[in-house]
Amino acid sequence: MTQFTMEALVNANSFTNEEISTIMGIEDNFLIRVGDNGHDKNQLNVGYGTPVDGQETNARGSIYVERPLLNTGQWYHIAVTFDAVNHERGRIEIYVDGVLVASIDEATTPRHGWKLNFLKNNGYTTYNI
């Protein structure tokens, strides 16, 4: 897959739990979440996996949105785009309410076998890409 867009409408009740809150995606592959170790619980970030030759697990890369920090009780439209520059690297852009808030050019191009999870009817549906 050389291009994709992930979008979500988010309205949080709280940011008080001690866990990372995933909006969609799978750790070590590609995900949108709020909170992370050493970061504010209401800080939006995108985590992506960087395949390591000869290993089953991926190294981790992350993009953290400095502003805006998300507020409770407020709707946000979050969109993340990926556009492959070549077969090895691509650009990730993060938008909040239509405004580009963060980007990176060195993200690894998703390879066959990456997975994405989407919340559906009190469970998850997994798609291979």
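Biologist: In which sense do β1 and β6 pair, and over how many bridges?

Modeller: First, the words. Strands are DSSP runs of E, at least two residues, numbered from the N terminus. Two strands pair if DSSP finds at least two bridges between them. Here β1 and β6 pair in the antiparallel sense over 8 bridges. One of the partners is easy to find: A8 bridges to I78 in β6.

Biologist: What kind of model is this?

Modeller: The model is predicted, so local features need pLDDT of at least 70, side-chain atom pairs count only at pLDDT 80 or more, and totals for chains, interfaces and linings use all residues. Residues are numbered from 1 along each chain as its sequence is written, and side-chain values use heavy atoms, with hydrogens and water left out.

Biologist: Where in the chain is confidence lowest, and where is it highest?

Modeller: pLDDT is the predictor's confidence in each residue, from 0 to 100. The chain has a mean of 77, and 67% of its residues reach 70 or more. Strand β9 (residues 115-120) is lowest, at a mean of 46, and β6 is highest, at 91. Over residues 116-125 the pLDDT is below 50.

Biologist: Along β1, which side chains are buried?

Modeller: Buried means under 20% relative accessible area, exposed over 50%, and partly exposed in between (1.4 Å probe, protein chains only). In β1 the side chains alternate. F4, M6, A8 and V10 point to one face and are buried. Q3, T5, E7 and L9 point to the other face and are not buried.

Biologist: How many residues does the largest nonpolar core have?

Modeller: Nonpolar side chains tend to be buried together in soluble globular proteins. A nonpolar core is a set of buried Ala, Val, Leu, Ile, Met, Phe, Trp, Tyr and Cys residues joined through side-chain atoms within 4.5 Å. The largest one here has 24 residues. F30, I32, L44, I78, V80, I92 and I94 have the most contacts inside it. At least two core residues come from each of β1 (3-10), β3 (30-36), β4 (39-51), β6 (76-84) and β7 (89-96).

Biologist: What does L44 touch?

Modeller: Contact means heavy atoms within 4.5 Å. Leave aside neighbours within four places in sequence, and the partners of L44 include I23, I32, I63, I78 and I94.

Biologist: N42 is in β4 too. What does its side chain reach?

Modeller: A polar contact is a pair of N or O atoms within 3.5 Å; within protein, one must be able to donate a hydrogen and the other to accept it, and residues adjacent in sequence count only if both atoms are side-chain atoms. The side chain of N42 reaches the backbone oxygen of L70 at 2.8 Å. N42 counts as buried because its relative accessibility is 18%.

Biologist: How many salt bridges does the structure hold?

Modeller: Side chains of opposite charge can pair when their charged atoms come close. A salt bridge is a side-chain nitrogen of Lys or Arg within 4 Å of a carboxyl oxygen of Asp or Glu. The structure holds 3. D36 meets R33 at 3.0 Å, N to O. R91 meets E93 at 2.8 Å and D105 at 2.5 Å. R91 in β7 and D105 in β8 are 14 residues apart. R91, E93 and D105 are linked in a network of salt bridges.

Biologist: Is R33 buried or exposed?

Modeller: R33 is buried, because its relative accessible area is 3%.

Note on methods
Helix = DSSP H or I, 4+ residues; strand = E, 2+ residues; numbered from the N terminus.
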